[in-house]
Amino acid sequence: MKMSARAKRMSRNHKRGTTKLSLVSLMDIFTILVFFLMLNASDVQVLQRDDSVELPKSTVKTPAKETLLLMINANNIMLQGKPIAKTADLYEQQDYIILALKEELFYQASRTVRAPVDASDPNAQEDPGLSITIMGDKSVPYKILKKIMQTSAEAGYTNIALAVENQLEVSSDDDPTDAEAEVGVEGDGS
């Protein structure tokens, strides 16, 4: 029996054992995936969490911005993860300025590049100052937070935000402890 040209070609390709894989559709999928990840990566603000800091609850809608992070727990005050002072020492301190924190904030401010305000633009607003996010444990008393905020303002960090734990869509029927939570900021520095 005589084989057709198509049958001969198929048997030849079958003997070779090579198959062609079309990568065009896979490249399309990966391109879409890359764009999706790039667009959605900016929607999430992740602050460095420490188990020793339990944030107060809030229902704020404003997302956190990338700023300098000052963390206060029952034992330490840390700026960008670097221990600055002991919280216990601040209870006895009468002065509202924490010198070690002020020095470190001045150092951080000297490393920050600030955009100049265009004087010819009538809509240009005055520089609101440097931004800082304070992540304080809910057990830290307000007098300690007041000293930290005063020190921050003295060092030029006048745009102060307080990190809180957001409770999303908490209704009166829901238990607030069961609600989903994410880190946000409260306050606009005013």
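Mentor: Let's start with the term itself: a salt bridge means a side-chain nitrogen of Lys or Arg lying within 4 Å of a carboxyl oxygen of Asp or Glu. Keep in mind that we're reading a predicted model.

Trainee: Okay, how many salt bridges does that rule give here?

Mentor: The general idea is that side chains of opposite charge can pair when their charged atoms come close. In this structure the count is two. One joins E154 and K102, with an N to O distance of 3.9 Å. E154 belongs to helix α5 and K102 to helix α4, so this pair ties together parts that are 52 residues apart in sequence. The other is between K82 and E104, whose closest N and O atoms are 3.2 Å apart. K82 sits in strand β4 and E104 in helix α4 (residues 99–111), so to speak two distant parts of the chain, 22 residues apart.

Trainee: Is E104 buried or exposed?

Mentor: Buried: its relative accessibility is 12%, and the cut-off for buried is under 20%. K82 is partly exposed at 44%, and E154 is partly exposed too, at 40%.

Trainee: Let's zoom out. What pattern do the helices and strands follow along the sequence?

Mentor: Going along the chain you read α-α-β-β-β-β-α-α-β-α-β-β, that is, five helices and seven strands. For the overall picture, 29% of the 190 residues are buried. Of the contacts with a separation of 6 or more, 63% are between residues 24 or more positions apart.

Trainee: How should I read a helix such as α5? What span should its residues give?

Mentor: Check the length against the rise. At 1.5 Å a residue, the 13 residues of α5 (residues 142–154) should span 18 Å, and the end C-alpha atoms are indeed 18 Å apart. Next, look at which way residues point: an α-helix has 3.6 residues a turn, so residues three or four places apart point the same way. In α5 the buried ones are I144, L145, K147, I148, M149, T151 and S152. After the helix comes G156, with a positive phi near 100 degrees.

Trainee: And which residues does I72 contact, beyond its neighbours in sequence?

Mentor: I72 is in strand β2 and is buried, at 0% relative accessible area. Its contacts outside four places in sequence include V53, T87, I134 and V140, and also L145 and I148. Those last two are on the buried list for α5. I72 and L145 are 73 residues apart in sequence, yet their C-alpha atoms are 8.6 Å apart.

Trainee: What about loops? Where does N73 lie?

Mentor: N73 is in the loop between β2 (68–72) and β3 (76–79). N73 counts as buried, with 5% relative accessibility. A polar atom of its side chain lies 2.6 Å from the backbone nitrogen of N76. Move on to the loop between β3 and β4 (82–86) and you find Q80. Q80 has a positive phi, about 55 degrees, although it isn't a glycine. Q80 is partly exposed, at 44% relative accessibility.

Trainee: Last one: which residues form the nonpolar patch on the surface?

Mentor: L21, L23, L26, M27, I29, F30, L33, F36 and L37, with about 950 Å² of accessible area together. Take I29 as an example: this residue is in helix α2 (residues 24–41) and is exposed, with a relative accessible area of 52%. As for the chain as a whole, about 13,800 Å² is exposed, with carbon and sulfur atoms supplying 55% of it.

Key. Residues are numbered from 1 along each chain as its sequence is written. This is a predicted model: local features need pLDDT of at least 70, side-chain atom pairs count only at pLDDT 80 or more; totals for chains, interfaces and linings use all residues. Side-chain values use heavy atoms; hydrogens and water are left out. Patches are made of residues with over 30% relative accessible area and no salt bridge: like charges are joined within 9 Å, nonpolar side chains (Val, Leu, Ile, Met, Phe, Trp, Tyr) within 5 Å. Accessible areas come from the Shrake-Rupley method with a 1.4 Å probe; for residues, only the protein chains shown count as cover. Helices (H or I, at least four residues) and strands (E, at least two) are DSSP runs, numbered from the N terminus. Buried means under 20% relative accessible area, exposed over 50%, partly exposed in between (1.4 Å probe, protein chains only). Contact means heavy atoms within 4.5 Å. A polar contact is a pair of N or O atoms within 3.5 Å; within protein, one must be able to donate a hydrogen and the other to accept it, and residues adjacent in sequence count only if both atoms are side-chain atoms. The expected span of a helix is 1.5 Å times one less than its number of residues.
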